[in-house]
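Here are my notes on this model, set out as numbered points. Please read them with the structure open alongside.

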Amino acid sequence: MTNAHDNDLPTDEELVAYLDGELTSDTYGRMVRYLAIDHDLQRRLILLSGGQRPFREAFALLLEQAPQANLKATLASLPGPVGSSEVVRSPRGWGNTAKAMVAGLLLFMAGLGAGWLAPALNQRLWEQASDEGASADNWRQAVAEYLTLFTAETLAVIPDIPAAQEQELAAVGNRVGLKLSPQMISLPNLSFKRAQFLEYDNKPLGQLVYLEPGNGPVALCITADVTSGTDYQTEQRQGFNIVYWSRGRYNFMLIGHMPASRLQEYAGVLSYRLK
Amino acid sequence: MGTSGPEEVKTALAGHLSRLWRYGLILTGRRDEAEDLVQATCVRAIEREHQFQPGTRLDHWLFSILRSIWLNEVRAQRIRRGEGIVDAETALVVDGAGQTEAAVLVHQVLREVAALPDAQRETVLLVYVEGMAYREAAAILDVPIGTVMSRLAAARATLGKLNMGKERSHDVRKGNDA
């Protein structure tokens with residue numbers, strides 16, 4: 001690290017953030033440029049991606065070993081009644097917190113848009129989602145606005161590195177609690193470009209971005225929430241066609257400029273695989 | 001939340017006991033101490049329920065409380081008593097190891113993570129197991145995000161090298177078999 005070029009090279013920390021979908025907007029573009037040309041950096045990325053493990057599955061064994069009966073008995077001995085259901089995550093504290101929630105789409109890795117756009121977009125979405133009449137539909141509006149920042153050109157420069165894509169998918173899947181692999185999310189005539197982790201309204205939001213020649217960016221977005229299991233519905237936002245549905249504890253949304261009928265075909269494929 | 005009172009706190013707490021215990025186990029390396037830590041965390045959470053910020057994650061708040069009790073009370077006492085560090089590898093050994101390939105892999109992962117330095121192991125748990133964003137893990141660990149990134153990078157490099165070693169030995173075995 002003795003000259004300006006070397007000093008600008010992405011660090012291991014940034015490579016891991018790239019794999020984890022946590023890269024900040026100012027470093028993402030630099031990362032993509034270097035990864036496209038620097039073989040040493042690609043080798044380093046492969047080494048670090050080899051550090052991935054099925055952590056969640058392995059540590060689930062320890063959850064099974066937890067002395068639940070003792071812990072619940074202890075809690076029961078403290079003042080007040082105790083609920084009995086063991087849940088993996090609390091969706092949101094307790095009490096009437098809706099009006100006080102900090103809403104908005106947090107862009108952890110907004111590198112595909114100009115860095116200066118993210119704060120402005122965030123603020124706009126925050127104001128919108130904080131309205132009294134804000135509804136659960138707002139996340140789709142937020143995603144649609146975010147996708148307007150993407151062009152075919154911005155996606156085309158992202159190098160296709162299978163190991164990196166697999167890691168991104170695993171990381172995003174880990175965040176939303178859904179197993180994701182390249183095979184599960186591949187769609188005919190669409191080139192998967194990358195997965196990233198966002199947040200909307202304090203909930204994790206996974207976004208998988210594809211490129212379709214002719215129609216530009218297509219995105220699959222996933223949030224984990226309490227859902228009622230809705231069938232496919234279509235709508236238009238920001239000039240995009242959208243198909244959305246929910247299965248189990250997940251909300252899905254497929255968005256792009258292609259005809260809604262084609263989106264619906266893709267939605268059927270994804271809905272079958274992502275259970 | 002100030003109006004909810006201990007009843008609602010307890011109801012919510014009941015949903016996080018196992019994960020709190022697991023975090024306690026990672027920190028203390030002892031199952032009994034992990035249990036004590038969860039108990040102390042429950043007591044503290046009920047006492048301080050008015051301090052919980054609506055709209056934030058309850059489980060993260062509980063993790064912060066548990067960690068604070070560990071650092072300031074349990075670990076401090078342990079140091080005062082002159083007790084040594086517990087070997088995490090022993091603590092993370094899971095009873096009834098299975099014989100299937102998947103079970104072997106899972107136990108291998110636990111052993112590999114157990115062999116990481118304490119700070120890396122804890123950060124791996126928060127980010128890769130609990131699924132926290134870097135900024136969320138940094139808040140609980142009370143460190144800059146850069147520190148979280150450094151720990152994860154170091155952990156990944158260690159585990160990545162282990163992988164390369166395995167692949168090489170696998171290749172050698174294949175070569176010998178040929």
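1. In this predicted model, chain A and chain B together bury about 5600 Å², and carbon and sulfur atoms account for 65% of that area. The contact draws on 61 residues from chain A and 69 residues from chain B.

2. As for polar interactions across this interface, two salt bridges are found between chain A and chain B, and 21 residue pairs are in polar contact, counting pairs in which both residues are at pLDDT 80 or more. On the side of chain A that touches chain B, at least two residues each are supplied by helix H2 (12–19), helix H4 (39–49), helix H5 (55–65), helix H6 (68–77), helix H10 (162–176) and strand S2 (191–200) of chain A. H5(A) provides the largest share of that side, with nine residues, and the residues of the side as a whole divide into 30 nonpolar, 18 polar and 13 charged.

3. Arg53(A) deserves a separate look. Arg53(A) sits in the loop between H4 and H5 of chain A, and its side chain forms a salt bridge with that of Glu112(B), at 2.6 Å from N to O. The side chain of Arg53(A) also makes a polar contact with the side chain of Asn163(B) at 3.4 Å, while a polar atom of the same side chain lies 2.8 Å from the backbone oxygen of Leu159(B). Within its own chain, Arg53(A) is 117 residues away from Ala170(A) in sequence, yet their C-alpha atoms are 9.7 Å apart in space.

4. Is Arg53(A) buried or exposed? Arg53(A) counts as buried because its relative accessibility is 8%, and the cut-off for that class is under 20%.

5. Arg67(B) is a second arginine to examine, and it lies in helix H4 (residues 58–80) of chain B. Its relative accessibility is 13%, so Arg67(B) likewise counts as buried. Leaving aside residues up to four places away in sequence, Arg67(B) touches Tyr23(B), Leu27(B), Glu122(B), Ile140(B) and Leu141(B).

6. Two of those contacts, Ile140(B) and Leu141(B), are among the buried residues of H8(B), together with Tyr134(B), Glu136(B), Ala137(B) and Ala138(B). Helix H8 (residues 134–141) of chain B is thus mostly covered, because six of its eight residues are buried.

7. Just after H8(B) comes Asp142(B), with a positive phi of about 60°, in a residue other than glycine. Asp142(B) belongs to the loop between H8 and helix H9 (145–177) of chain B, and it counts as exposed because its relative accessibility is 69%.

8. Chain A also has a residue other than glycine with a positive phi, namely Gln238(A), where the angle is near 55°. Gln238(A) occurs in the loop between strand S5 (233–237) and strand S6 (240–247) of chain A, and with a relative accessible area of 40% it is classed as partly exposed.

9. Finally, on the overall make-up of chain A, there are twelve helices and seven strands, and buried residues make up 53% of the 275 residues. Among contacts in chain A between residues at least 6 apart in sequence, 60% join residues that are at least 24 apart. The accessible surface of chain A is about 12100 Å², with 54% of it belonging to carbon and sulfur atoms.

Terms used. Residues numbered from 1 in each chain as written. Chains lettered and ligands numbered in written order. Predicted model: local features only at pLDDT ≥ 70, side-chain atom pairs only at ≥ 80, totals over all residues. Heavy atoms only, no water. Contact = heavy atoms within 4.5 Å. Buried area = accessible area lost by both parts, 1.4 Å probe. Salt bridge = Lys/Arg side-chain N within 4 Å of Asp/Glu carboxyl O. Polar contact = N/O pair within 3.5 Å; in protein donor to acceptor, adjacent residues only side chain to side chain. Helix = DSSP H or I, 4+ residues; strand = E, 2+ residues; numbered from the N terminus. Nonpolar A, V, L, I, M, F, W, Y, C, P; charged D, E, K, R; others polar. Buried < 20%, exposed > 50% of the residue type's maximum accessible area, 1.4 Å probe, protein only. Areas by Shrake-Rupley, 256 points an atom, 1.4 Å probe, with all protein chains shown as cover.
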